[in-house]
Amino acid sequence: GTSRCVEPETCPSLTFANQSNQCPSPVLSSVSPFSGPFRGGTRLTITGTDLGVTVGDIVSVTVGGVNCSVQSDGYIAGAQLVCVTGSYPSGGTQSIPVNVLLNRSGSLAPSQ
């Protein structure tokens, strides 16, 4: 089956035989809102899978290479994170990448 990153306490029936397993890489499924001012301050909600076991697992989030400050409120283990964008250096309309870097210390558990 597929694996996902979860807190061991949320899956008491699962046995963690190999504690050296690491969580798979995060997969982003949505970013909202899709646009914001270049001066920053936009509160982004990013959803996906394997977004850390705790908010502390999130090392950094960048939007177009600019730091997006992770917020503890709105975080849902493994599924959603919230961050506030920093100031972006140029104007105009453009698509920019969103990157999430995680500490890889979470536990690996099979999907249910």
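**Entry 1: the salt bridge**

I began with charged pairs and found that R43 forms a salt bridge with D73, where the closest N and O atoms are 2.7 Å apart; the term asks for a side-chain nitrogen of Lys or Arg within 4 Å of a carboxyl oxygen of Asp or Glu. By this rule the count comes to one salt bridge. R43 lies in strand β3 and D73 in strand β5, so the pair ties together parts that are 30 residues apart in sequence. I noted that strands here are DSSP runs (E, at least two residues), as helices are (H or I, at least four), and that they are numbered from the N terminus. R43 is partly exposed, with a relative accessible area of 40%, and D73 is partly exposed as well, at 43%. For these words I used the following limits: buried is under 20% relative accessible area, exposed is over 50%, and partly exposed is in between, with a 1.4 Å probe and protein chains only.

**Entry 2: what I am reading**

I reminded myself that this is a predicted model, in which local features need pLDDT of at least 70 and side-chain atom pairs count only at pLDDT 80 or more, while totals for chains, interfaces and linings use all residues. Residues are numbered from 1 along each chain as its sequence is written, and side-chain values use heavy atoms, with hydrogens and water left out.

**Entry 3: the chain and its sheet**

I then looked up the secondary structure of the chain, which comes to zero helices and eight strands. Buried residues make up 30% of the 112 residues in the chain. Among contacts (heavy atoms within 4.5 Å) between residues at least 6 apart in sequence, 65% join residues at least 24 apart.

In what order do the strands of the open sheet lie? I read the order of its six strands as β2-β3-β6-β5-β4-β7, with antiparallel pairing, where two strands pair if DSSP finds at least two bridges between them. The edge strands, each pairing on one side only, are β2 (27–32) and β7 (98–102). On average, neighbouring strands of this sheet are turned by 30 degrees against each other, direction ignored; the axes behind such angles are lines fitted to C-alpha atoms, for helices over the stretch in contact, and angles run from 0 to 180 degrees between N-to-C directions.

**Entry 4: strand by strand**

I followed the pairings next, and β2 and β3 turn out to be joined in the antiparallel sense over five bridges, with L28 standing opposite G48 in β3. Strand β3 is also joined to β6 by five bridges, again antiparallel, and the bridge partner of R43 in β6 is V84. At the β7 edge, five bridges join β4 (residues 58–63) to β7, and V63 stands opposite V98.

Which side chains of β3 point to the buried face? I found that they alternate: L44, I46 and G48 point to one face and are buried, whereas R43, T45, T47 and T49 point to the other and are not.

**Entry 5: the core**

I turned to the largest nonpolar core, a set of buried Ala, Val, Leu, Ile, Met, Phe, Trp, Tyr and Cys residues joined through side-chain atoms within 4.5 Å. Of its 13 residues, L44, I46, I58, V61, C68, L81 and C83 touch the most other members. Two or more residues each come from β3 (43–49), β4, β5 (66–76), β6 (80–85) and β7, and the largest share, three residues, comes from β4. Leaving out residues up to four places away in sequence, I46 touches ten residues by name, L28, S30, V31, L51, V61, A79, Q80, L81, C83 and V98.

**Entry 6: an aromatic pair**

I also checked the rings and found F38 and Y88 as a tilted pair, 5.8 Å centre to centre with 35 degrees between the planes. The rule pairs rings of Phe, Tyr and Trp (its six-membered ring) with centres within 6.5 Å, and planes under 30 degrees apart count as stacked, over 60 as edge-to-face and the rest as tilted. F38 lies in the loop between β2 and β3 and Y88 in the loop between β6 and β7, so the pair ties together parts that are 50 residues apart in sequence. F38 is partly exposed at 30% relative accessible area, whereas Y88 is buried at 18%.
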